[in-house]
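Here are my notes on the salt bridges and cavities. Please read them with the model open.

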Amino acid sequence: MKTYTNFIAGQWLASASNKTFKVHNPAKSSELVAEFQASQLADVTSAVDAAAKAFENWSTIPAPMRGMYLAKAAGILRRRRDEAANQLTREEGKPITEARGETDRAIALLDFYAGQASLLTGQTVPSTVPNRFLYTTRSPLGPIALITPWNFPIAIPIWKAAPALICGNTIVLKPAEQAPASACLFAEILEEAGLPKGVFNLVTGGGEVGAALVNDARIRCISFTGSVEVGKKIMQQAGPRLVRIGLEMGGKNPHIVMDDADLDRAAADVVYGAFSAAGHKCTAASRAIVIDKVHDAFVEKLKARIAAFKAGDTMDPQTQLCPLLDETQMKKTLEYVAIGQQEGAKLLAGGHRLTDAPFSEGWYVSPALFTEVKPTMRIAQEEIFGPVLAVIRAKDLNEAITIANGVEFGLSAGISTTNLKTSMEFTRRIEAGVIHVNNPTAGLELQVPFGGLKNSTSGYREMGTAAIDFFSQVKTVYVDG
Ligand code: NAD
């Protein structure tokens with residue numbers, strides 16, 4: 001069993017607290033994955049010291065040279081791909097096929113931003129004054145804090161760190177305490193890539209470590225992904241300092257199924273969107289809004305697909321049904337299943353803990369399918385972040401869109417339809433930052449912006465070149481000859 005230490009100023013250091021915490025395999029709770037530092041304020045202060053010091057030099061290195069470190073890191077992660085994916089499955093619980101996909105995405109992100117480093121363009125703009133050269137240029141923000149969740153433990157730290165680094169910022173990353181091993185592996189990779197000391201720092205620990213980082217006055221930008229509750233706290237704490245804050249938060253994503261849809265394809269998309277990775281995706285479909293005329297036929301198809309959803313060893317590439325992250329997530333999901341039943345929704349399938357061996361050793365809950373769900377019920381309003389799908393009836397597109405928009409979130413939304421006009425109206429009226437037509441709600445490409453509307457996102461877009469706008473600031477230059 002490995003003990004990871006913090007990575008500060010290019011050194012692997014134990015916490016000043018002398019305390020550690022352990023992470024176990026969600027598929028087999030007795031299996032220890034690794035041990036991590038339970039950091040405290042002194043560790044955070046040292047990490048920010050290192051980031052502030054390294055900023056002086058890193059910010060002056062030409063961006064294309066900064067990109068070369070990412071290109072090297074991509075090569076190292078490619079070499080360590082199986083190790084990274086296996087560790088990801090063991091710490092977070094998602095099936096190995098999904099973990100390999102996430103690792104490949106992380107490699108592609110490093111490659112993409114390595115290339116973008118040579119394209120950190122400004123604008124040249126015609127001036128109204130003769131002989132004036134008017135242009136804009138980008139500059140970094142300073143030491144920045146990245147605070148990340150557990151559900152994409154390698155992709156999210158990298159999709160934040162890579163654009164931040166090419167823009168010339170230095171970093172302190174605080175990964176989620178439930179699954180920090182992937183972020184530690186990323187730090188090892190950056191070290192091997194020869195990134196100058198102090199440019200990237202990592203401290204592990206719980207919410208109090210994140211809060212200490214947010215409160216350090218030298219941090220000029222905070223990029224957070226996690227719950228609305230914590231996002232709001234960060235805004236309250238750091239907002240008065242007028243630092244740049246980006247918050248990526250939850251979702252209650254709808255998938256509308258029209259009566260002209262290919263129902264087999266729609267059922268496959270909804271089941272993947274709702275239940276892959278145990279619903280631990282901010283873009284997971286948690287509401288299927290189905291037009292009355294095809295409701296019963298569609299529910300039959302959902303039931304058949306859910307019954308065929310393959311449970312098994314998380315290391316088996318055929319496995320689809322995986323455990324929830326931990327006991328807390330399992331209890332939360334089971335609580336919502338009970339709430340749905342109390343509210344009068346009909347539990348058609350699943351929603352119980354798997355107690356037979358080998359699943360009894362992990363936090364497995366069978367995919368829960370609810371019908372007769374009313375849009376105002378809690379299971380149709382609140383983010384569960386587990387394998388629970390609420391099917392809601394609608395009489396037509398207009399009612400379906402009204403129901404879809406009737407929640408506090410606006411992250412991802414899908415529609416299954418063969419009618420172009422319907423899909424155009426949906427994309428115009430739906431309140432979501434990511435829209436999928438004839439696709440699962442979960443699934444992103446890295447070269448385009450990602451983010452939501454309403455309480456799902458505050459302040460920015462991630463990935464693509466949008467991330468470069470967030471992690472840099474623009475200077476406008478007037479040069480008169
Ligand atoms: P969380 O909000 O509990 O924790 C996220 C991170 O914030 C962790 O590193 C945690 O230690 C830290 N933290 C906790 N309290 C803090 C505080 N007071 N100050 C600073 N940092 C603090 O979220 P989670 O349970 O790790 O992740 C699940 C949530 O993340 C879900 O709501 C999900 O929708 C969301 N999520 C959103 C996206 C997106 O891109 N929109 C992606 C993945 C997950």
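1. Start with the network of salt bridges that links Lys2, Arg80, Glu83 and Glu188. The model is predicted. Within this network, Lys2 pairs with Glu188, their closest N and O atoms being 2.9 Å apart. The pair links distant parts of the chain, 186 residues apart: Lys2 sits in strand E1 and Glu188 in helix H6. Glu188 is buried, at 14% relative accessible area. Lys2 is partly exposed, at 38%.

2. The count of salt bridges comes to 26. One of them joins Asp469 to Arg138, with closest N and O atoms 3.0 Å apart. Asp469 belongs to helix H15 and Arg138 to strand E7, so this bridge ties together parts 331 residues apart in sequence. Asp469 is partly exposed at 45% relative accessibility. Arg138 is partly exposed at 26%.

3. Asp264 and Lys301 form another salt bridge, with 3.2 Å between the closest N and O atoms. Here helix H9 supplies Asp264 and helix H10 supplies Lys301, so the tied parts are 37 residues apart in sequence. Asp264 has 42% relative accessibility and counts as partly exposed. Lys301, at 28%, is partly exposed.

4. Now the cavities. There are 3 of 30 Å³ or more. The largest has a volume of about 90 Å³. Its lining has 13 residues, and Ala284, Ser286, Glu383, Ile384 and Phe385 lie nearest the centre. By class, 5 are nonpolar, 5 polar and 3 charged.

5. The second largest cavity has a volume of about 70 Å³. It is lined by 16 residues: 8 nonpolar, 4 polar and 4 charged. Strands E13, E18 and E19 and helix H13 each supply at least two of them.

Note on methods: Residues numbered from 1 in each chain as written. Predicted model: local features only at pLDDT ≥ 70, side-chain atom pairs only at ≥ 80, totals over all residues. Heavy atoms only, no water. 1 Å grid on protein atoms, 1.4 Å probe; cavity = no way out; pocket = protein on both sides within 12 Å on 5 of 7 lines; lining within 4 Å. Points joined across faces, edges and corners; volume = space filled by probe spheres on them. Nonpolar A, V, L, I, M, F, W, Y, C, P; charged D, E, K, R; others polar. Helix = DSSP H or I, 4+ residues; strand = E, 2+ residues; numbered from the N terminus. Salt bridge = Lys/Arg side-chain N within 4 Å of Asp/Glu carboxyl O. Buried < 20%, exposed > 50% of the residue type's maximum accessible area, 1.4 Å probe, protein only.
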